[in-house]
Each structure stands twice: as C-alpha cells, then as structure tokens.
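User: Hi! Could you walk me through the aromatic contacts in this one?
Analyst: Happy to, here it is.

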Amino acid sequence: MRRRDLAIVLLLYGVTATAWAWFNPVFEAPDEPFHVGTVNLLVREHRFPTKADIEATVAFLCAHADLPHSPPVFEAGQWRIFLQLQPPLYYLLEAVALAVVYPSGISGPLVQAQPDYYLHRERGYFQHDRREPWQWTRPLAAIRLMRGVSVLLGGLAVLATFQMACLLVGPDSTIPLLATGIHAMVPMYTFMTASVNNDVLAYAVSGWTLCLMMTMVKQPWPPGRAALAIGACLSLGWASKTTTLYLWPLTVVLAMVCYPRWVDRMRVVAGAMAMGLALRVLFSAATGRIGHDLGQYRLVFVGMPSPWLSLQSPFLASAAEQTLGYAGKVLRMLAESFWGSFGWCQVPIDRQALAGYSILAGLSLAGWIGCRGDQSAVRLHDRRVLVILIGAITAFLGCLAMVYHRLYIPQGGRYLLTVASPIALVFALGLLGLWSSISRRVTGVVTERQFAWTIVAIMVGLNWWVLWRSIICPYAIAWSGTPS
C-alpha cells in the first residue's frame with residue numbers, strides 16, 4: 001500500500017509540475033535567463049565565469065541606464081553576461097540537458113525581451129504569444145528539457161519527504177501519504193521545480209540529508225562513519241545553494257541527540273565539518289572558484305547588502321515603519337509568497353486559493369493545539385526524530401536571518417521550500433491530530449486513510465486552480481492583443 005500511495009503521489013506531482021513547466025512562459029520565472037546563461041557558458045566554453053567575465057559584466061551593466069532591468073540585460077544574460085555566480089553543481093547537471101539540443105551552446109538570446117515591459121509587466125518580461133504552449137521550436141525544446149531536469153530533482157525531494165515520514169511514524173501510518181501530498185502540491189513548489197534555478201537542487205540535497213540524519217537518530221552510526229556521511233552531504237549542499245547553510249548547525253543538534261558521550265559528539269561535529277570543508281575546497285579548486293565560493297559564506301557575518309530593499313527601506317511603495325502593523329504586513333506577504341508569488345514575483349496567487357490554504361493551515365494548527373497531552377497523538381512519532389524536524393526549521397530561519405539581516409525580499413517565502421519536508425510533516429501531523437480528535441467524538445466519520453486522500457485531493461485541486469487562475473488565464477488574456 002505504501003508503494004502504491006507513493007507512486008500515485010509522484011505521478012500526480014510529475015503531471016502537475018510538467019504542466020507548470022509547459023504553461024508558464026519561458027523565462028517568466030525569477031532569474032531563469034541568467035541561470036541558463038551560466039549553463040550555456042559550461043556547454044560553449046567548458047568553464048565557469050571568471051573574474052574577467054565579472055568585470056565585463058559590470059562594464060556592460062554600467063552602459064545601460066536601467067540596470068539591471070533593461071531589455072539588453074535580460075537578453076545578454078542568456079548567453080554572454082553572468083549575473084548568477086552561484087555554487088556550480090546544478091549547472092553541471094543542466095549542461096547535459098542544454099547540450100542535447102545545442103551541442104555547441106547558444107551564441108545569442110533564445111527569447112527576446114519586451115522593449116517596453118515596464119509599461120506592460122502583466123504580459124511578462126519577454127516576448128510571447130498565446131500559441132507558445134503548443135509550439136515546439138528549438139529554443140522552447142531546450143528550456144523545457146532543462147525545466148524537466150528541475151522537475152526530476154523536485155520529485156527526488158518529494159520522495160525524501162515520504163522516506164522521512166516513514167522514519168517518523170513507521171510504515172502503517174497515513175502520515176507519509178499526507179505529508180508527501182502536501183509537499184508535492186504547494187503551488188510555489190511546483191512553480192519553482194518547473195523552472196531553471198538552482199534552488200531545486202538544494203531542495204533535493206536538503207531533503208535527503210535530513211532523511212539521513214533521521215536514520216541516524218533511529219539507529220546511531222559509528223561516529224567516524226557518521227562524520228564522513230554527513231560531511232559529504234554538507235559539501236553537496238554547499239555546492240548546490242547557500243540556503244543549505246542551516247545543515248551545518250543542525251549537525252550539532254544531530255550529534256547531541258544521537259550520542260551520549262561528548263567525545264563522540266565532538267568527533268561527529270568536527271569530522272563532518274572538516275570533511276565538508278575539505279571536499280568543497282577540492283571541488284572549488286577543480287572549478288577555479290575557491291575565492292568566490294568561500295566568499296559566499298562571508299555573508300553569514302556581514303549579511304547581504306541592499307540599498308534598495310531592507311527592513312529600514314520603503315516596502316511596496318509605502319514608507320517603512322517600526323510598528324506591529326508594518327511587521328504584520330511583512331509577515332503576511334512572506335506567508336503568501338510561500339504558497340505562491342509567480343512570474344518575476346509580480347504575479348500574485350489567486351485569492352480564493354490562498355483562502356483555502358489558510359483554512360488548511362488553521363486546521364493543522366488547531367490539530368496541534370487540540371492534541372496537546374493526548375497520548376494517542378504522541379505515539380505517532382519518535383520524539384527524538386521530531387527534534388531533527390523542528391531543529392531543521394529553527395536552524396534554517398536562524399541562518400536566513402543572519403545571511404539576509406541587511407536584505408529584505410518581500411517575496412522571500414520561496415526560500416522556506418528548502419525545508420519543505422519538515423514543514424509538510426509538521427503540517428500533516430497537525431491535520432491528522434485534528435482528525436484523531438474528531439473521530440473519537442463523532443461516530444461514522446471517514447477513515448484515517450480516506451481523510452488523508454481527501455486532503456491530498458484538495459491540495460491537487462487547489463494547485464491546478466492556481467495554475468489556471470494565476471498563470472494560464474492572466475498571460476493568455478494579456479497576450480490576446482499581442483501579434484502572433
């Protein structure tokens with residue numbers, strides 16, 4: 001039954017994410033053309049950007065008054081300037097996909113930017129028409145194939161959630177089905193994993209590293225073996241995305257939970273971090289990026305500078321305030337952008353769908369409150385494993401606050417998807433706690449399995465509703481007057 005449930009959820013995710021990849025217009029996802037540009041450099045010249053490339057990029061940007069948002073930047077970013085100086089692993093994977101369609105790389109923009117996009121942002125930043133989803137040109141084939149790689153990586157992260165849930169509650173619970181379905185059907189998740197961006201690799205590495213840590217909690221490994229395994233995961237995370245930084249302090253939590261002796265704890269923590277650093281330095285040296293890659297972690301101490309968006313700067317055309325109302329406004333947008341903020345973060349989620357997600361979140365919270373002290377709910381999970389889940393969310397938020405303490409991104413809720421697995425599991429435990437409370441008081445209610453499938457069906461329906469209302473309809477209506 002577990003395998004059939006997993007197969008159905010993965011199939012639903014695959015179909016849904018592929019639909020997002022197909023109907024969301026090419027390059028109408030944050031920084032997608034710039035990610036493609038870095039991949040193209042790998043295919044065309046078999047190297048990563050260098051200091052000279054960065055100097056050339058700065059000169060190019062300085063030559064355009066509207067930097068970094070002018071149409072020439074959007075076009076040049078696809079192939080000859082490099083705004084994305086991210087960890088390299090995701091780009092190595094995508095280089096294979098691009099080389100299938102363009103074996104020698106591209107030597108010009110795949111899609112032209114709209115010269116007047118500032119006046120018509122609702123149409124997107126690039127030139128499209130209503131026939132695009134039904135066309136099969138070479139540029140479209142290349143981007144869709146690259147997006148397909150992201151969909152596969154997203155599926156790996158969803159699979160990790162299923163494995164984590166099984167470790168948490170055992171094979172007979174419906175939590176694996178419920179958590180996996182919730183994770184797979186968050187609209188922002190299907191949007192991000194259906195575009196070209198290195199966040200999706202961070203999702204997969206983060207999920208499977210947490211799965212490994214939970215395995216160690218259930219059955220502790222010898223300290224030396226644990227240090228090697230966790231160190232390799234830390235290195236993979238570093239090579240994927242800076243958002244995986246939280247795995248480093250979480251290693252300390254793991255050691256404290258798993259090993260009663262301080263000497264074993266020190267061996268695991270020191271060994272894992274030394275292993276992670278050594279592997280990352282070797283990989284950086286092989287790609288000629290030691291200075292840049294080590295510099296990425298300097299941000300932990302100085303933060304990401306931003307003269308244009310911070311907690312002390314104007315927010316959505318309104319002055320910054322040191323009030324609870326302003327803080328609530330900020331938190332509300334962060335929550336909304338976790339569920340969905342599309343396009344280049346200018347396309348909001350459908351309000352009716354957002355209301356549905358808010359109701360589900362409220363029900364989950366009610367379930368957690370209602371099952372306090374309820375022993376039948378406590379036996380659903382191993383409390384030590386739950387420490388890793390809560391610790392992951394806490395460590396992630398702490399690291400995010402350190403890295404971005406000088407930068408506020410209103411639509412930054414998508415960063416929380418790095419810990420989507422723990423969030424989905426906490427969400428599912430709350431909903432199941434609510435069902436347990438109701439089923440003990442009311443006879444003739446649906447079974448636990450029927451309840452889980454009902455929630456998954458609601459998540460699937462809401463996801464497709466968002467795809468239709470927030471992606472297909474707005475763009476189709478906007479392009480109705482655009483020449484084909």
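Analyst: One definition to start: rings of Phe, Tyr and Trp (its six-membered ring) pair if their centres lie within 6.5 Å. Also, this is a predicted model.

User: Cool. How many aromatic pairs does the count come to?
Analyst: By that rule, the count comes to 21 aromatic pairs. Take Phe34 and Trp344: their ring centres are 6.2 Å apart and their planes are at 85°, so this pair is edge-to-face. The two sit in distant parts of the chain, 310 residues apart, with Phe34 in helix H2 and Trp344 in the loop between strands E1 and E2.

User: Is Phe34 buried or exposed?
Analyst: Phe34 counts as buried because its relative accessibility is 4%, under the 20% cut-off. Trp344, at 14%, counts as buried too.

User: Any other edge-to-face pair?
Analyst: Tyr246 and Phe396 form one, with 5.6 Å centre to centre and 80° between the planes. Tyr246 is in the loop between H10 and H11, Phe396 is in helix H18, and 150 residues separate them. Both Tyr246 and Phe396 are buried.

User: And which residues form the aromatic cluster?
Analyst: Phe27, Phe34, Phe74, Tyr125, Phe126 and Trp344 make up one aromatic cluster.

User: Switching topic: where do Arg265 and the charged end of Arg414 sit?
Analyst: Arg265 lies over the face of Trp262, 4.7 Å from the ring centre. The charged end of Arg414 is over the ring of Tyr415, at 5.1 Å from its centre.

User: Last one: what span does H10 reach?
Analyst: Helix H10 covers residues 223–238 and reaches 22 Å from its first C-alpha to its last, close to the expected 22 Å. Its buried residues include Ile230, Leu234 and Trp238.

How values were computed
Residues are numbered from 1 along each chain as its sequence is written. This is a predicted model: local features need pLDDT of at least 70, side-chain atom pairs count only at pLDDT 80 or more; totals for chains, interfaces and linings use all residues. Side-chain values use heavy atoms; hydrogens and water are left out. Helices (H or I, at least four residues) and strands (E, at least two) are DSSP runs, numbered from the N terminus. The expected span of a helix is 1.5 Å times one less than its number of residues. Buried means under 20% relative accessible area, exposed over 50%, partly exposed in between (1.4 Å probe, protein chains only). Rings of Phe, Tyr and Trp (its six-membered ring) pair if their centres lie within 6.5 Å; planes under 30 degrees apart count as stacked, over 60 as edge-to-face and the rest as tilted. A charge sits over a ring if NZ of Lys or CZ of Arg is within 6 Å of the ring centre and within 35 degrees of the ring normal.
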